[in-house]
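Here is a walk through one protein, written for someone meeting it for the first time. Have a look at the sequence and the fold, then read on.

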Amino acid sequence: MKIGIFALQGAFAEHGRAFAALGADCTEIRSRSQFTGSYDGVVLPGGESTVQGKLLREEGLLAPLKEAIGGGLPVFGTCAGMILLAKRLTNDQNVWLGTMDIAVRRNAYGRQLGSFRAETEVKGVGSFPAVFIRAPYIEEVGASAVPLATVDGKAVAARQGRMLATAFHPELTDDLRLHAYFLKMIEGLA
């Protein structure tokens, strides 16, 4: 299976290691010429959503990526990636891809010092050690999306068709089950 990981900024290398450990062939995407459409799925990593959104636009990747996701390309967005996928941000006017029917609050848990870990039950995965770093959360889940996990009553993971998003960083743990879930999702087994 071939996974494209957007490597403009953020925790892209960690995602690459996780998927490689599961036997996937990973390619880092930094330019329009590297986004050929020959991927089974793509990853939008955690990092800084505004920087990533601007770089996606500057590199000519934003519109083709939105079109590919709209056409059914599986995508896994973590933290900043979830923000990029959201149809609406409740505390920011930017909308980047706008493909997932969720409304997200950026930096909902505060600054870097507000980072934390929590065990959360993820539907289809089980109890998961979630790492939150300047994390968002989902304030509204639209009719097309399904919440998969909550922390303190706030949705922190969701799925909509072939889109998977988490407010936390599974790539920063040794637990590969969410990455495996995404691979199963691509194969139509999850």
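Asp152 is exposed, because its relative accessible area is 72% and anything over 50% counts as exposed. You'll find Asp152 in the loop between β10 (146-151) and β11. If you look from Asp152 to Leu172, you cover 20 residues along the chain, and the two C-alpha atoms are separated by 21 Å. Bear in mind that what you're looking at is a predicted model.

Now for a contrast: is Thr99 buried or exposed? Thr99 also sits in a loop, the one between β5 (86-89) and β6 (100-105). Its relative accessibility is 13%, so Thr99 counts as buried, the cut-off being under 20%. And what does Thr99 touch, once its neighbours within four places in sequence are left aside? The contacts are Lys66, Ile69, Leu85, Lys87, Gln160 and Met163.

Met163 is a handy link to the next stop, since it belongs to strand β12 (residues 163-166). In β12, Met163 and Ala165 point one way while Leu164 and Thr166 point the other way, yet all of them are buried. Strand β4 (residues 75-78) follows a similar pattern: Val75 and Gly77 face one way, Phe76 and Thr78 face the other way, and all are buried.

So who pairs with whom? Here are the strand pairs around β4 and β12.

| Strand pair | Sense | Bridges |
|---|---|---|
| β3 (residues 41-44) and β4 | parallel | three bridges |
| β4 (residues 75-78) and β12 | parallel | four bridges |
| β11 (residues 154-160) and β12 | antiparallel | four bridges |

You can trace these pairings residue by residue. Start in β3, where Val42 has Val75 of β4 as its bridge partner. From Val75, the next step leads to Met163, its bridge partner in β12. Phe76 also has a bridge partner in β12, namely Leu164. On the β11 side, Ala157 is partnered with Thr166 of β12.

What joins β11 to β12? The two strands form a hairpin with two residues between them. Gly161 is in that turn, with a positive phi of about 55°. Another glycine with a positive phi turns up just after helix α5: Gly188, at about 80°. Helix α5 itself covers residues 177-187, and its buried residues include Leu178, Tyr181, Phe182, Leu183 and Ile186. His179 and Met185 are buried there too.

Time to step back and take in the whole protein. How many helices and strands does it have? There are five helices and 12 strands. Along its principal axes, the C-alpha trace spans about 40 × 35 × 35 Å. A compact globule of 190 residues would have a radius of gyration near 16 Å, and the protein's 15 Å agrees with that.

Of the 190 residues, 52% count as buried. Among contacts with a separation of 6 or more, 64% are between residues 24 or more positions apart. As for the outside, the accessible surface comes to about 8,100 Å², and carbon and sulfur atoms account for 48% of it. Last, the charges: the protein has 20 positive and 19 negative ones, and their mean positions are 4 Å apart.

Definitions and conventions:
Residues are numbered from 1 along each chain as its sequence is written. This is a predicted model: local features need pLDDT of at least 70, side-chain atom pairs count only at pLDDT 80 or more; totals for chains, interfaces and linings use all residues. Side-chain values use heavy atoms; hydrogens and water are left out. The radius of gyration is taken over C-alpha atoms; the globule rule is 2.2 Å times the number of residues to the power 0.38. Buried means under 20% relative accessible area, exposed over 50%, partly exposed in between (1.4 Å probe, protein chains only). Contact means heavy atoms within 4.5 Å. Accessible areas come from the Shrake-Rupley method with a 1.4 Å probe; for residues, only the protein chains shown count as cover. Lys and Arg count as positive and Asp and Glu as negative; His and the chain ends are not counted. The place of a charge is taken as NZ of Lys, CZ of Arg, CG of Asp or CD of Glu. Two strands pair if DSSP finds at least two bridges between them.
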